[in-house]
Amino acid sequence: MGVEWVRLKLDLDAFDGARFEPYLRRCRQAGVEFTTMAAVGDAARNRRALYDLNRTCSADIPGRGEFYTFDEYLAQRIETPTYDPRGVVLAVDGGSWVGMAATSIRPEGHAFSEMTGVLAGHRGRGLSLAMKLLAIDYARSAGVRWLRTLHHPGNAPAIGMNRRLGFVDDAPPTAMA
Ligand SMILES: CC(C)(COP(=O)(O)OP(=O)(O)OC[C@H]1O[C@@H](n2cnc3c(N)ncnc32)[C@H](O)[C@@H]1OP(=O)(O)O)[C@@H](O)C(=O)NCCC(=O)NCCS
């Protein structure tokens, strides 16, 4: 039997970001800076750094299997119509990239949380919530109402993080609003 993926959605019209601002503030006070791929430059060297960060974080996703090669990553994740460097939030600590939250605007009319990841040594500091707040700003600026995501049922940290923000169960794709 296949995996029953956990589908979640967040209503951006109803989302109250002010409740979560303290996460962003605390991260900044601790010296973490937030930027985007667009701001640092969507160039070859930064694409390679994004790949390395994504691959490292993805190793902890249950059932993820083998990660893309760099060329596959470029083809599947970067050189695609929905990739937008403004939608890739980065957390930078001491000059190093320690977290990412990549969001796309789908042709179906909603935003999709492609990947949120924080390096193991930086987890539990509120970094993912802080990055998701900025990802939500990006999705809102695109004018969409829903932010969707999909997780392996064994990924308790990711599911917990999204539910903490107010994500609720989503319908299967055929019945999507
Ligand atoms: C999921 C992940 C991004 C969370 O990052 P993080 O920066 O450690 O999360 P935060 O510190 O921002 O925690 C935010 C909330 O998530 C929830 N959470 C975090 N870790 C959790 C855990 N291990 N179990 C259950 N809930 C958890 C909590 O509700 C927490 O809020 P709180 O601190 O107020 O209790 C991180 O564990 C990770 O990179 N995992 C590997 C990659 C992955 O699975 N990504 C998701 C698939 S796209």
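These exercises work through a predicted model of one protein chain.

**Exercise 1. Overall fold**

State how many helices and strands the chain has, and give their order.

*Solution.*
- Step 1: Count the elements. The chain has six helices and seven strands.
- Step 2: Read them along the sequence. The pattern is β-α-β-α-α-α-β-β-β-α-β-α-β.
- Step 3: Look at the contacts with a separation of 6 or more. Residues 24 or more positions apart account for 70% of them.

**Exercise 2. Compactness and surface**

Decide whether the radius of gyration agrees or disagrees with that of a compact globule.

*Solution.*
- Step 1: Set the expectation. For 177 residues, a compact globule would have a radius of gyration near 16 Å.
- Step 2: Compare. The chain has 15 Å, which agrees.
- Step 3: Add the dimensions. The C-alpha trace spans about 45 × 40 × 30 Å along its principal axes.
- Step 4: Add burial. Of the 177 residues, 46% count as buried.
- Step 5: Add the surface. The accessible surface comes to about 9100 Å², and 51% of that belongs to carbon and sulfur atoms.

**Exercise 3. The nonpolar cores**

Find which residues of the largest nonpolar core touch the most other members, and which elements build this core.

*Solution.*
- Step 1: Take the core of 30 residues. Phe34, Leu127 and Leu165 touch the most other members.
- Step 2: List the elements that give two or more residues. They are β1, α1 (21-29), β3 (88-93), β4 (96-105), β5 (111-118), α5 (127-141) and α6 (156-165).
- Step 3: Find the largest share. Helix α5 supplies seven residues.
- Step 4: Inspect Leu127. Leaving out residues up to four places away in sequence, Leu127 touches Cys27, Val32, Phe34, Ala91, Val98, Val118 and His122.
- Step 5: Look beyond this core. Apart from it lies another core, of 18 residues, among them Tyr68, Tyr73, Ala102 and Met115.

**Exercise 4. Salt bridges**

Examine the salt bridges Arg145–Asp13, Arg125–Asp93 and Asp42–Arg47. Place the partners in the chain where possible, and classify their exposure.

*Solution.*
- Step 1: Start with the total. The whole structure holds 12 salt bridges.
- Step 2: Take Arg145 and Asp13. Their side chains meet at 3.6 Å, N to O. Arg145 sits in the loop between α5 and β6 (146-151), and Asp13 in the loop between β1 and α1. The two are 132 residues apart, so the pair links distant parts of the chain.
- Step 3: Classify this pair. Arg145 is partly exposed because its relative accessible area is 39%. Asp13 counts as exposed, at 57% relative accessibility.
- Step 4: Extend the pair. Asp11, Asp13 and Arg145 are linked in a network of salt bridges.
- Step 5: Take Arg125 and Asp93. Their closest N and O atoms are 3.0 Å apart. Arg125 lies in the loop between β5 and α5 and Asp93 in strand β3, so the bridge ties together parts 32 residues apart in sequence. Arg125 is partly exposed, at 32%.
- Step 6: Take Asp42 and Arg47. Their closest N and O atoms are 3.0 Å apart. Asp42 is partly exposed, with a relative accessible area of 27%. Arg47 is buried, since its value is 18% and the cut-off is under 20%.

**Exercise 5. A nonpolar patch**

Identify the residues that make the nonpolar surface patch of about 260 Å².

*Solution.*
- Step 1: Name the members. Val3, Trp5 and Leu150 make the patch.
- Step 2: Place Val3. Val3 belongs to the segment before β1 (6-11).
- Step 3: Classify Val3. At 41% relative accessibility, Val3 is partly exposed.
- Step 4: Check the patch rule. Members need over 30% relative accessible area, and Val3 has 41%.

Technical notes
Residues are numbered from 1 along each chain as its sequence is written. This is a predicted model: local features need pLDDT of at least 70, side-chain atom pairs count only at pLDDT 80 or more; totals for chains, interfaces and linings use all residues. Side-chain values use heavy atoms; hydrogens and water are left out. Patches are made of residues with over 30% relative accessible area and no salt bridge: like charges are joined within 9 Å, nonpolar side chains (Val, Leu, Ile, Met, Phe, Trp, Tyr) within 5 Å. Accessible areas come from the Shrake-Rupley method with a 1.4 Å probe; for residues, only the protein chains shown count as cover. A salt bridge is a side-chain nitrogen of Lys or Arg within 4 Å of a carboxyl oxygen of Asp or Glu. Helices (H or I, at least four residues) and strands (E, at least two) are DSSP runs, numbered from the N terminus. Buried means under 20% relative accessible area, exposed over 50%, partly exposed in between (1.4 Å probe, protein chains only). A nonpolar core is a set of buried Ala, Val, Leu, Ile, Met, Phe, Trp, Tyr and Cys residues joined through side-chain atoms within 4.5 Å. Contact means heavy atoms within 4.5 Å. The radius of gyration is taken over C-alpha atoms; the globule rule is 2.2 Å times the number of residues to the power 0.38.
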